Amino acid sequence: MQRSDPSVNTSLAEAGLSPTEIREQLERIVSSPLLRNSKRYPSLLRHVVEQSLDGHAHDLKERTLGIEVFGRSPDYDTNIDPVVRISAAEIRKRIAQYYHEPGHEDEIRIELPLGSYVPEFRLPPERALRLATPPVTTPVAASVLPPEAPPAIPAEPAVSAAAPRRKALPVMIAAGLVIVAAVVLVSLKPWASQSALDQFWGPMLVRDKSVLLCIGRIHDPDGRPHGVALSDSTTMARVTGLLQAKGQPWTIRAEDQATFADLRQGPAVLIGAFNDSWNLRLGSSMRYTFHKEGATDWIEDQQNPSDRKWSVTENGAPVARDFALITRVIDPNTDRILVAVGGLLGYGTLAAGEFLSDNKYMEAFANGAPADWPKKDLQIVLSTEVIKGNSGPPKVLASYAW
């Protein structure tokens, strides 16, 4: 067994951490339902953590990981076989979900930063305060090594889903849906100048800047992506149609292919909830956040965290109601404005997409909102009734502007 690099142990000790504690926390994460049913994710996460603790973070490169963790040949093409990038993206998403679940707030945090395969470790806030120091992020590597360039993805991602969440739909049908929905929206839904809808989307319309649409993807238990949810693609179609009507250019990236650098280029729209790690990361500092525990998903109000009135439990029975969350905010990490939209299930996402593209819903919201809401960061909680498998009109339950 390799011996730990003394300098690594020293840096961890200065931060109030020990390799033993980190390994114990690693086992908690990989033993959770979010990771334990996969072969790929625990193997990759264990490998990068152990290599870092042993002082070999400089070896954590995409090709090396493909060879050592996934058994690829030394000359394999990382562009054709992006197994490491896809697995790392899914690990980031599932770690974010893990720390969003109740009971994990006071645990040591293990994170895999964007643009790197070198994990970072930090204390939970309460323990950091006891040590009279602020929360410390402690990379164990001397430098962050960027991954090899990801392959380009098509302008329209592969789309598959027939029910609002997970069932498959042929790629060409879903792609056609996106195009048709955008054309219909442009031709049939113009809106008046300075309407509430204009005021909501106005900050996103930046000359010479393309709006990035980042859409979550469906993954099988081993992390292989096979399209996006029909509800997400329909919402994307509504947004692209709206942007096109305003003459605003846009580009599309799958959530697991978008990079931090992409989000820093200009305005962005995040489509998806638990299938979008970017949205989960953003929500961790917001008043309203997505949470999951077992088969129950809910939107939590940080000012009343014990109340789960906005929840959905998937137990095989038809649901009668779904909930969605819309956030428009200047992201403190990228210093760029973004809109995040997602439902607990696909019904909520569909209702949120309708809300964001139909001025009558936005005007109704604006009538009860503070007068200066267009200039503020904003969150809106929606509900929709589900009747015979179809989502009804969106209804505003709560909002917060700051």
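Here are some friendly notes on this predicted model, taken point by point.

1. Overall make-up. The chain folds into 13 helices and 14 strands. Of its 402 residues, 54% count as buried. Among contacts with a separation of 6 or more, 64% are between residues 24 or more positions apart. The accessible surface comes to about 17900 Å², and carbon and sulfur atoms hold 54% of that area.

2. Helix α3. A good place to start looking is α3, which covers residues 40-53 and has 14 residues. From its first C-alpha to its last it reaches 20 Å, close to the 20 Å expected at 1.5 Å a residue. Eleven of the 14 residues are buried, so α3 is largely enclosed by the rest of the structure. The buried set includes Arg-40 and His-47 as well as Leu-44, Leu-45 and Val-49. After the helix comes Gly-55, with a positive phi near 80°.

3. How α3 meets α5. Two packed helices are described by the angle between their axes and the distance between the axes. For α3 and α5 (residues 83-100), the angle is about 90° and the axes are 10 Å apart. That makes α3 roughly perpendicular to α5, since angles of 65 to 115 degrees count as such. On the α3 side, the residues in contact are Arg-40, Tyr-41, Leu-44 and Leu-45. Their counterparts in α5 include Val-84, Ala-88, Ile-91 and Ile-95. Arg-40, Tyr-41, Leu-44 and Leu-45 also appear among the buried residues of α3.

4. How α2 meets α5. Helix α2 (residues 19-30) also packs on α5, with axes that come within 11 Å and cross at roughly 95°. α2 is therefore roughly perpendicular to α5. Here Gln-25, Arg-28 and Ile-29 of α2 meet Ile-95, Tyr-98 and Tyr-99 of α5. Ile-95 is worth a second look, as it is also listed among the α5 residues that meet α3.

5. Ile-110, a residue that links these helices to a strand. Ile-110 lies in strand β1 (residues 109-111). Is Ile-110 buried or exposed? Its relative accessibility is 0%, so Ile-110 counts as buried. Leaving aside residues up to four places away in sequence, Ile-110 touches Gln-25 and Ile-29, Val-49, and Ile-95 and Tyr-99, among others. Glu-120 and Phe-121 are also on its contact list. Ile-110 and Ile-95 are 15 residues apart in sequence, and their C-alpha atoms are 8.0 Å apart in space.

6. A three-stranded sheet. Further along the chain, three strands form an open antiparallel sheet in the order β7-β8-β9. β7 (288-293) and β9 (311-313) stand at the edges with a single partner strand each, so one side of each has no neighbour in the sheet. From one strand to the next, the twist averages 20°. β7 pairs with β8 (residues 296-301) over six bridges, in the antiparallel sense. One of the bridge partners to check is Thr-296 in β8, which is matched with Glu-293.

7. Trp-250, for contrast. This residue sits in strand β5 (residues 250-254). Trp-250 has 28% relative accessibility, so it counts as partly exposed. Which residues does Trp-250 touch, not counting those up to four places away in sequence? They are Ser-210, Val-211, Leu-213, Thr-240, Leu-243 and Gln-244. Trp-250 and Lys-209 are 41 residues apart in sequence, with 8.4 Å between their C-alpha atoms.

Technical notes
Residues numbered from 1 in each chain as written. Predicted model: local features only at pLDDT ≥ 70, side-chain atom pairs only at ≥ 80, totals over all residues. Heavy atoms only, no water. Helix = DSSP H or I, 4+ residues; strand = E, 2+ residues; numbered from the N terminus. Buried < 20%, exposed > 50% of the residue type's maximum accessible area, 1.4 Å probe, protein only. Contact = heavy atoms within 4.5 Å. Areas by Shrake-Rupley, 256 points an atom, 1.4 Å probe, with all protein chains shown as cover. Expected span 1.5 Å × (residues − 1). Pairing = 2+ DSSP bridges. Axes fitted to C-alpha atoms, helices over the stretch in contact; angles between N-to-C directions. Parallel < 35°, antiparallel > 145°, perpendicular 65-115°, else oblique.
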